[in-house]
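Here is an informal walk through one model, with headings to keep things in order. Have the structure open while you read.

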Amino acid sequence: FNGGRLGALTRQAEATRGASQADLQTTRLDVVLETKTAYRQVLLALELQKVAVGRQKATEERLKNDRAALEAGRVPQLYVLRDEAEDADAQQETVNAARDVELALVMLRAVMGVQSDSPVTLSDSLETTGTEVLDANPVQMALLARPEVQGARSRLESARRGADAARGTSRPQAALMGMADANRGRGGSAAGASVGLIIGVPLFDGGARRAAREEAGANIAKAQADLDRLEIQVEREVRSAQLSLEAAQKSVAATQLGIAAAQEAGRVAALRYESGRATNAETLDALAALTRAQGNLARARFDVQSARDALQRALGASP
């Protein structure tokens, strides 16, 4: 009998193993989220590249038409100069967009832990539809599923078992001992055996056992505080992810309306320019507004996808 110390140490080791397994699952979920984010960044860079290429094609077409109009004497040279400046800016934007795609791919490969020249195939887009359907109580769901919470609970259990083991050292210790004569029957010696019970009672150890019990109690208090703090953090992360997702979905709807308005404004500006009632500055401004709206839509869709990923991570959902 060891005062329950050995059993408490065994259960403490089991709880510690559970905490380590929870830490491993936490790391896996973090890696998944980081990889998803890097993947979405590549998709966003590709969408912005498409916007830049579209703008460059539009400015090239406008420059070509205005040069022909200048030769025919229908527009002043100022219009062509403005077109050339816009086209040069569009070309620079396209080059920068292509660079951003390559940088995003480099980051994705680094996150995935593959070689920098490894081929990457993208099979998704940033377009999103529908809304998230969550559990009636997502915070409770997260508290049950999050490996961080499970690990904190296992550490609390480990601290409690450590306290049990510390208390066990202050209880009486008993051991059963048995001995037998290995040379019995040889040389006329008589066979012999003995059995004994050894009982130890802790008396004085300079306060070592009491200090161990107090330390174990402090470990329990710390583990409980860590668990309480983590539960508050989980609730905050779930609520924040929900709000971010709702805001991002509303932003997508707003930017889609902005694109429709910018397209109509561009159509009207083109008609006014062709009829001689507007300058090319009006049409170029309309093109710039459309480009901004298209870029905003791509970013809003990226925000929706990122918010969904963050919400899944906050809920502790497995990939």
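## The long helix and what follows

Let's start at a turn-off point: right after helix H5, Gly276 adopts a positive phi of about 80°. Bear in mind that this is a predicted model.

H5 itself runs over residues 208–274, which makes 67 residues. From its first C-alpha to its last it reaches 95 Å, close to the 99 Å expected at 1.5 Å a residue.

## How confident is the prediction?

Across the chain, pLDDT averages 88, and 93% of the residues score at least 70. Which element comes out with the lowest mean pLDDT, and which with the highest? Strand E2 (residues 193–200) sits at the bottom with 78, while helix H2 (residues 77–112) tops the elements with 94.

## Two nonpolar cores

As a rule, nonpolar side chains in soluble globular proteins tend to be buried together. Here, the largest nonpolar core has 27 residues, and the ones with the most contacts inside it are Val149, Val234 and Val238. Helix H3 (138–145), helix H4 (147–168), H5 and helix H6 (280–315) each put in at least two residues. H5 gives the most to this core, with 11 residues.

Val238 is a good place to zoom in. Leaving out residues up to four places away in sequence, Val238 touches Pro138, Val139 and Ala142, and also Leu311, Ala314 and Leu315. There is a second, separate core too, with 13 residues, among them Leu43, Ala104, Leu126 and Phe302.

## A buried threonine in H6

Now look at Thr283, which has its place in helix H6. Is Thr283 buried or exposed? Its relative accessible area is 6%, so Thr283 counts as buried, the cut-off being under 20%. Not counting residues up to four places away in sequence, Thr283 has Arg62, Ala269, Ala270 and Tyr273 as its contacts.

## Salt bridges between helices

How many salt bridges does the count come to? The total is 22. One of them pairs the side chains of Arg67 and Glu84, at 3.1 Å from N to O. Arg67 belongs to helix H1 (residues 5–71) and Glu84 to helix H2, so this pair ties together parts that are 17 residues apart in sequence. Both ends are partly exposed: Arg67 has a relative accessible area of 40%, and Glu84 has 31%.

Next up is Arg82 with Asp285, whose closest N and O atoms are 3.8 Å apart. Why does this pair tie together parts 203 residues apart in sequence? Because Arg82 lies in helix H2 and Asp285 in helix H6. Arg82 is partly exposed at 29% relative accessible area, and Asp285 is partly exposed at 46%.

Then there is Arg153, which forms a salt bridge with Glu231, with 3.7 Å between the closest N and O atoms. Arg153 is in helix H4 and Glu231 in helix H5, so the pair ties together parts 78 residues apart in sequence. Their relative accessible areas are 33% for Arg153 and 25% for Glu231, and each residue counts as partly exposed.

## A shared network

Some of these bridges share partners. Which residues end up joined into one network that way? They are Arg55, Arg82, Glu86, Asp89, Glu93 and Asp285. The Arg82 and Asp285 pair from helices H2 and H6 is thus part of that network.

How values were computed:
Residues are numbered from 1 along each chain as its sequence is written. Side-chain values use heavy atoms; hydrogens and water are left out. pLDDT is the predictor's confidence in each residue, from 0 to 100. Helices (H or I, at least four residues) and strands (E, at least two) are DSSP runs, numbered from the N terminus. The expected span of a helix is 1.5 Å times one less than its number of residues. A nonpolar core is a set of buried Ala, Val, Leu, Ile, Met, Phe, Trp, Tyr and Cys residues joined through side-chain atoms within 4.5 Å. Buried means under 20% relative accessible area, exposed over 50%, partly exposed in between (1.4 Å probe, protein chains only). Contact means heavy atoms within 4.5 Å. A salt bridge is a side-chain nitrogen of Lys or Arg within 4 Å of a carboxyl oxygen of Asp or Glu.
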